[in-house]
Amino acid sequence: MNIKRFTVANPINCHAVVKDIKSEDITKLTKVEIEDKSLIVKLEDEDIVYGLGENVRGINKRGWIFESYCSDDPNHAQDKRSLYGAHNFILISGKEKLGIYIDCPSKVVFDIGYTNLGELKITVVDGEYNLYIINGDTESEITKSFRKLIGQSYVPPKWAFGYQQSRWSYKDEDEVRELAKNFRDKEIPIDCIYLDIDYMERFKNFTLNKESFPNFDKLVVDMKKDGIKLIPIIDAGCKIEKGYEIYEDGIEKGHYCKDEDGKPFVAAVWPGQVHFPDFLDKDARLWFGSKYKFLVDKGIEGFWNDMNEPAIFYSEQGLKKAFDKIEEYKGKNLDIYSFFELKDTILGLSNSNNDYNSFYHNVDGKKVKHNDIHNLYGYNMTKSAAEGLEKIDENKRFLLFSRASAIGAHRYGGIWTGDNTSLWEHLEMNVKMMPNLNMCGYMYTGADTGGFGGNCTPDLLTRWMQWSIFTPLLRNHSAMGTRNQEPFAYDLGTEKSVKNLIDLRYALVPYIYSEFMKATLNDDMMFEPLGFKYSDSTSRTVEDQLLMGDSLMLAPIYKQNSKGRYVYLPEEMLMVKIKNIDEMEFEVMPKGHHYFEANLDEFAIFIKKDKMLPLGKTAKSVESLNNEKLKVIAFVNEKANYNLYDDDGVSKNYKTLKADNLSIEIKYVGNDLKVETVVEGKTTIKELEITAILSNGEVRKINHKI
Ligand code: MIG
């Protein structure tokens, strides 16, 4: 067995892992030293530390200190230690390779050469956890073992691979219809429009604002007829209001988190004063999950869960303390320290540790302080929704993703990476986060393309889209008060470039879906650091290029005013410079360092040796894709191959039934290229239009009937 488990003290079951591994005596632990509540691993110079999922900084996490503690923090700056997720898996890669997973419901600190350059120190603050040590010969082997340990990742419906438009908020029916019409009139494909908090009646979960959405049911149906799904938001906090069904029902059944005295805990978020459903309590979780039916009955097929760290603007007790302080200082001549104290009291009202220490959950009949299970709250909200949706239709895939998360939640939904900003650095961070997210089980994921906070410029949106068209979740989302950033919010040139990119995304759906499904079903990563496949020292340190699926290497441009970029090729590859689906240039490039030029309206991708990229046609939505004819770009050296996975895209039959596979092989017979295809199951594809590029740059066109 290459996974060992060691149990320290009496941790609660986080339901993060799906395998029952017998716990071993901690004295048998090797390579890792135990010192009080910490684990220490010596790092060699050449060691790379991967992992920790959703976090700031690079792919290699060395040189900073991170804290797994789900946090509602919209400033994703390099000096932050936590974002919304708690993903406690790390992978040390050097002469020796080692995976470490801390299965723990509360705060864990990862000091990765922050205090001591050559040392990794993991501190589990409350000292209770399951430690998993994973051995393997390669990085991929270790991540795969880890992924098997935590169970298969969530799979969304295929339409969730289409383009998605969001903004906080499209405030009423007219605006939603107008938006959809704009996309259709301009022939820009789209699959989803998001409804942010304003669709609700005063931010109350599972209600509708009757003034701004008077004909909600009809809107849902009309949009769907046009191939567009509406995706409403659900927040963790439920408004305290007499007569509000969710409030009263939850109180009556005792489903909310309690304060010290056993009364429902009061906090304030968007609706004003709220209670938090106790997602850790199975009955409460099933209860809340059953409420999604209200919207599903209206035709809704997807949701995003927000504010579930949980975010707290203020609590009753916190506010009282602040007012007391103000009262105390009123009329006094404050010295500067008292002034700062007053200021900090006010600024510290939100997401305060005091609050997280003053409410309680019912975990299997035991009263547990929130902070002791903090990282499991968002996880269990996702589980709540997934369980509720499964009850409605157990074989249907719903779109579901969350802001807060912990490992384990990846089986129930995806995540988006929260409130980033329209900054070039955040495009770069989006790129670097992907492999670490995949390692931790998050496959259906993506960032707010264009950036959530701040004002997105046309060039940033264009470059960001050149990257995001490859991420499973492709959603443009922006905050209230910021500049609009829909594809047509800028000049016509930008609109054209962004439309071209969205068209290309739809052409890429066969490949992206195929790679997503294969990686998910085989517990592999879809986005990999170069070092996972190439062992030369340069590949091991490149951070701004990624392998994506079986065939591609991506090298996005993420700097403003760049007209190209340097790229490192770990082997000979085919550069495909893309303007749009119909305008692509090919160049065979030798192994080594290169610079390629790419104006704002173009970018490049790289096809690996003996690999292919299938491309379909665009369509107004994923459902309307018609891929009877596929274009295939193949870089043929000796024998190129590709296996295109497909399935019905809507049911959970992928779990039990064999997929539809089309495998394509192109090989030399003498000096001629011969194409062979094998279909397993069925396929809609009747013809392949192959452009084969040979090592010497020669281009051969082959049409192949299936
Ligand atoms: O306090 O619902 O991350 O995507 O638009 C902000 C409003 C609450 C935070 C989410 C963001 C969403 C916003 N929400």
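Which residues line the largest cavity? The legends below start there and then move through other views of this predicted model.

**View 1. The largest cavity and its lining.** Cys14, Ala16, Ala86, Asn88, Tyr101, Ile102, Asp103, Cys104, Leu376, Ala406 and Ile407 make up the lining of this space. Its volume is about 60 Å³, and the model holds four cavities of 30 Å³ or more. If you sort the lining residues by class, you will find nine nonpolar, one polar and one charged. Strand β8, residues 97-103, gives the most to this lining, with three residues.

**View 2. The N-terminal domain annotation.** UniProt, in an unreviewed entry, lists residues 38-111 as "domain: Glycoside hydrolase family 31 N-terminal". Strand accounts for 43% of this span and helix for 0%. Look for the two end C-alpha atoms, which lie 10 Å apart.

**View 3. The TIM barrel annotation.** Residues 154-514 carry the UniProt annotation "domain: Glycoside hydrolase family 31 TIM barrel", again from an unreviewed entry. Here the chain is 40% helix and 15% strand. The C-alpha atoms at the two ends of the span are 15 Å apart.

**View 4. Around the ligand.** Take a moment with the ligand, which is surrounded by 14 residues. The closest are Asp196, Asp306, Arg403, Asp419 and His477. For Asp306, an N or O atom of the side chain is 2.8 Å from a nitrogen atom of the ligand. An oxygen atom of the ligand lies 3.0 Å from an N or O atom in the Arg403 side chain. The side chain of His477 likewise has an N or O atom 2.9 Å from an oxygen atom of the ligand.

**View 5. A sheet of four strands.** Follow the order β15-β18-β17-β20 to trace this open sheet, in which the pairing is antiparallel. Why do β15 (238-239) and β20 (314-315) each have one side without a neighbour in the sheet? Both stand at the edges with a single partner strand, so one side of each is left free of a neighbour. The partner of β15 to look at is β18, residues 272-275, which runs antiparallel to β15 and is joined to it by two bridges. Within this pair, Cys238 stands opposite His275 in β18. As a reminder for reading such views, strands of a sheet pair through backbone hydrogen bonds, either parallel or antiparallel.

**View 6. A sheet of three strands.** This open sheet runs in the order β16-β21-β22, also with antiparallel pairing. Strands β16 (258-259) and β22 (366-369) are at its edges, and each has a single partner strand, so one side of each lacks a neighbour in the sheet. Strand β21 (residues 359-363) and β22 run antiparallel and are joined by four bridges. To find your place along that pair, start from His361, which stands opposite Val368 in β22.

**View 7. Backbone details in three loops.** Most residues other than glycine have a negative phi, and most peptide bonds are trans. The peptide bond from Trp168 to Ser169 is cis, with omega near -10°. You can locate Ser169 in the loop between β12 (164-165) and α2 (173-185). A cis peptide bond also links Glu309 to Pro310, with omega near -5°. Pro310 sits in the loop that lies between β19 (302-306) and β20. What is the sign of phi at Arg202, positive or negative? Phi of Arg202 is positive, near 40°, and this residue is not a glycine. The place to look for Arg202 is the loop between β13 (192-195) and α3 (216-225).

**View 8. The C-terminal domain annotation.** An unreviewed UniProt entry lists residues 525-611 under "domain: Glycosyl hydrolase family 31 C-terminal". The chain over this span is 48% strand and 6% helix. Its end C-alpha atoms are 18 Å apart.

Key
Residues numbered from 1 in each chain as written. Predicted model: local features only at pLDDT ≥ 70, side-chain atom pairs only at ≥ 80, totals over all residues. Heavy atoms only, no water. UniProt positions renumbered as here; feature names shortened; annotations may be inferred. 1 Å grid on protein atoms, 1.4 Å probe; cavity = no way out; pocket = protein on both sides within 12 Å on 5 of 7 lines; lining within 4 Å. Points joined across faces, edges and corners; volume = space filled by probe spheres on them. Nonpolar A, V, L, I, M, F, W, Y, C, P; charged D, E, K, R; others polar. Pairing = 2+ DSSP bridges. Near = heavy atom within 4 Å. Polar contact = N/O pair within 3.5 Å; in protein donor to acceptor, adjacent residues only side chain to side chain.
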